[in-house]
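Open the model in your viewer and follow the stops below in order. Each stop says what to select and what to look for.

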Amino acid sequence: MEMVLGIGMRTGKYSPTPPPVVAMPSQCYLPTGLDPKTSRDLINKSSNFRVASFHALVQPKAPSSSSSSPALHFTMTKQQANWSPYDNNGGSCVAIAGADYCVVAADTRMSTGYNILTRDYSKICKLADKSVMASSGFQADVRALQKQLAARHSIYQHQHNKQMSCPAMAQLLSNTLYYKRFFPYYAFNVLGGLDNEGKGCVFTYDAVGSYEKVGYSAQGSGSTLIMPVLDRQLKSPSPLLLPAQDAVTPLSEAEAIDLVKTVFVAATERDIYTGDKVEIVVLNADGIHREYMDLRKD
Amino acid sequence: MMETGSYGSTLRYKSVERIKPVGKHSLLGASGELSDFQELLRYLDELILYDNMWDDGNSMGPKEVHNYLTRVMYNRRNKFNPLWNTLVLGGVKNGQKYLGTVTMIGVHFEDNHVATGFGNHLARPILREEWHENLSFEDGVKILEKCMRVLLYRDRSAVNKLQVWLSIHTLHFVLLFQAIDNLRGDRLYGSKLDVTDYVFIILPLLRLDPTLSQIAKITEEGVTISQPYSLKTFWGFSAFQNPTVGAEGSW
């Protein structure tokens, strides 16, 4: 610092350059009270990943200044973390509600970047007798979320001596996701099941727990390819109608399963993260039934 | 037993074990930061110790150990202080074979063949093509050697020395390969020691054949480790004799 000032002083004839801005000591902490807006802030706040670094920049000569000495400025540039706690393992999930059934389906591919890690990994989890969840996104978070919900359901059963209903599970999932609002579960979920009257219900979520009861939904990497097809083919009443009508599809169970298969084949064509196999779980009055269908493996 | 651990681009340590038996039924291999692997082994020591102290005839199998490792890795990731390893866990218990992997952020899965690092790019395709149920031990070794040879040719930091770890129980076995000293790519925050390699495990179903039951007898505790050996390589391609003949001035 002294040397820099010295340079300015030694070139005495010229107008003094303003002292360099040496902002802070080498260890930089975020000011207290600053809520981390993103996980990147969390990373940088952690003691294990260094935040700040100095850069001494030689500024180009300012046109107004007659000084020929370079002005040295120190600026803080925040070093971004190279390690991310998240990864996207891809995959698509779909759920369709019918008058007396519910279909939940997901592909079985797990990827990272441009690699396929495994072709045979289930994204579907049975949370209760009448609630089945399919989740895509970051697999470790998905598994942790499934474990968490299964544990909570177990406690519920001990306390209430009955299974959780699908709407109850839906609320629990939303709360669980929002609990980690500032370090989210990177999981994109659809919850499907039968409500207390035996009618199909589907709930769709974002990563932080915002949810809605719908007649059908798609999440995951292929969702943008799948959703428009479902919008047209399911013949469900429009969600924009007033008075609001329940959006369950009038299609039969067999037709819905067939549509699910078609939709996955379509998504597999264009989405690199969808493929290998689709696992289809059907809930109806007879119980839960699971089937698989092969998809393209490329 | 003698594996090398690199430090950046230096071959720093000459005798580092990168695969360890865990309990009675499993083998754990790791790539990445060696010190973190050693800490994991201490956690596992404690786990197995407490398991043994129950003294109830039960023992932690590969599935249980894999689950434990997944939890440890995931929870460290949640605290933004990961154990910088990719782990491979294989084993056989009660005739059930198991093979799984966990990465440093907690991504985990189970499959018939797994690989770390470069192995995902170069070896998994070969394994996908050639693996099938009812592989014999010799065939299994052949496939893995094929993978290792490709990696030796195509990874600039590979070294021609490998070792086979074999865990046998009754009819099933798990085979681990460990190659020596392959450098990892980008590193963050300067590791003290880089222990990187491709740890391959394949899970063939072994049919009773006399040579193998011989091995099974010897390895009552379940784990056998071969002596380190080298693969045969061929470099005598005519194109290598005068490589710049087609493009003067290149190298």
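What is the volume of the second largest pocket? This is a predicted model, and in it the second largest pocket holds about 660 Å³.

**Stop 1: the second largest pocket**

Select A:Asp120, B:Leu99, B:Phe109, B:Glu110 and B:Asp111. Of the 30 lining residues, these are the closest to the centre of the pocket. Now colour by element. Chain A supplies helix H3 (139-160) as an element with two or more lining residues. On the chain B side, the elements that do so are helix H2 (62-78), strand E6 (96-102), strand E7 (108-110) and helix H4 (124-130).

Which element gives the most to this lining? Select H2(B): it gives 5 residues. Then colour the lining by residue class. You will find 12 polar, 11 charged and 7 nonpolar residues.

**Stop 2: chain A as a whole**

Show chain A alone. It has 298 residues, and 44% of them are buried. Its secondary structure consists of 14 strands and 6 helices. Take the chain A contacts with a separation of 6 or more: 61% of them are between residues 24 or more positions apart. Switch on the surface. The accessible area of chain A is about 15700 Å², and carbon and sulfur atoms account for 56% of it.

**Stop 3: the cores**

Select A:Leu145 and A:Leu191. Within the largest nonpolar core, which has 40 residues, these two touch the most other members. In chain A, the elements that give this core two or more residues are strand E7 (124-128), H3, helix H4 (166-179), strand E9 (187-194) and strand E10 (200-205).

Which residues does A:Leu145 contact beyond its neighbours within four places in sequence? Select A:Met133, A:Leu173, A:Thr176, A:Leu177, A:Tyr185, A:Ala187 and A:Asn189.

Another core lies apart from the largest one, and it has 23 residues. To find it, select A:Ile96, A:Ile257, A:Val263 and A:Met293, which are among its members.

**Stop 4: a cavity in chain A**

How many cavities of 30 Å³ or more does the whole structure hold? The search finds 2. Go to the second largest, with about 40 Å³ of space. Its lining includes A:Asn89, A:Gly90, A:Arg109, A:Tyr121 and A:Lys123. A:Ser135, A:Ser136, A:Gly137, A:Phe138, A:Gln139 and A:Val142 also line the second largest cavity.

Strand E8 (131-137) and H3 of chain A are the elements that give this lining two or more residues. E8(A) gives the most, with 3. By class, the lining of the second largest cavity has 6 polar, 3 nonpolar and 2 charged residues.

**Stop 5: A:Thr108**

Select A:Thr108, in the loop between strand E4 (101-107) and strand E5 (110-112) of chain A. Is A:Thr108 buried or exposed? Its relative accessibility is 1%, so A:Thr108 counts as buried. Leave aside the neighbours within four places in sequence and show the contacts of A:Thr108. They are A:Thr118, A:Arg119, A:Asp120, A:Tyr121, A:Lys123, A:Gly275, A:Asp276, A:Lys277 and A:Glu279. One of these, A:Asp120, appeared at the pocket among the residues closest to its centre.

**Stop 6: a cis peptide bond**

Move to A:Leu242 and A:Pro243. The peptide bond from A:Leu242 to A:Pro243 is cis, with omega near -5 degrees. A:Pro243 sits in the loop between helix H5 (223-233) and helix H6 (253-270) of chain A.

**Stop 7: chain B**

Show chain B alone. It contains 13 strands and 7 helices. Buried residues make up 51% of its 251 residues. The accessible surface of chain B is about 12200 Å², with 54% belonging to carbon and sulfur atoms.

Select B:Asp55, in the loop between helix H1 (34-53) and H2 of chain B. Its phi is positive, near 50 degrees, though B:Asp55 is not a glycine. B:Asp55 is exposed, at 70% relative accessible area.

Next, select B:Asn94, in the loop between strand E5 (85-93) and E6 of chain B. B:Asn94 is another residue other than glycine with a positive phi, about 50 degrees. It is exposed, with a relative accessible area of 69%.

Finish at B:Phe118, in helix H3 (residues 118-122) of chain B. B:Phe118 is partly exposed, at 40%. Draw a C-alpha to C-alpha distance from B:Phe118 to B:Gly29: it is 15 Å, across 89 residues of sequence.

Note on methods
Residues are numbered from 1 along each chain as its sequence is written. Chains are lettered from A and ligands numbered from 1 in the order in which they are written. This is a predicted model: local features need pLDDT of at least 70, side-chain atom pairs count only at pLDDT 80 or more; totals for chains, interfaces and linings use all residues. Side-chain values use heavy atoms; hydrogens and water are left out. On a 1 Å grid over the protein atoms alone, a cavity is a set of points where a 1.4 Å probe fits but cannot get out, and a pocket is an open set with protein on both sides within 12 Å along at least five of seven lines; lining residues have an atom within 4 Å of a point. Grid points are joined across faces, edges and corners, and a volume is the space filled by probe spheres set on the points. Helices (H or I, at least four residues) and strands (E, at least two) are DSSP runs, numbered from the N terminus. Ala, Val, Leu, Ile, Met, Phe, Trp, Tyr, Cys and Pro count as nonpolar, Asp, Glu, Lys and Arg as charged, and the others, Gly among them, as polar. Buried means under 20% relative accessible area, exposed over 50%, partly exposed in between (1.4 Å probe, protein chains only). Contact means heavy atoms within 4.5 Å. Accessible areas come from the Shrake-Rupley method with a 1.4 Å probe; for residues, only the protein chains shown count as cover. A nonpolar core is a set of buried Ala, Val, Leu, Ile, Met, Phe, Trp, Tyr and Cys residues joined through side-chain atoms within 4.5 Å.
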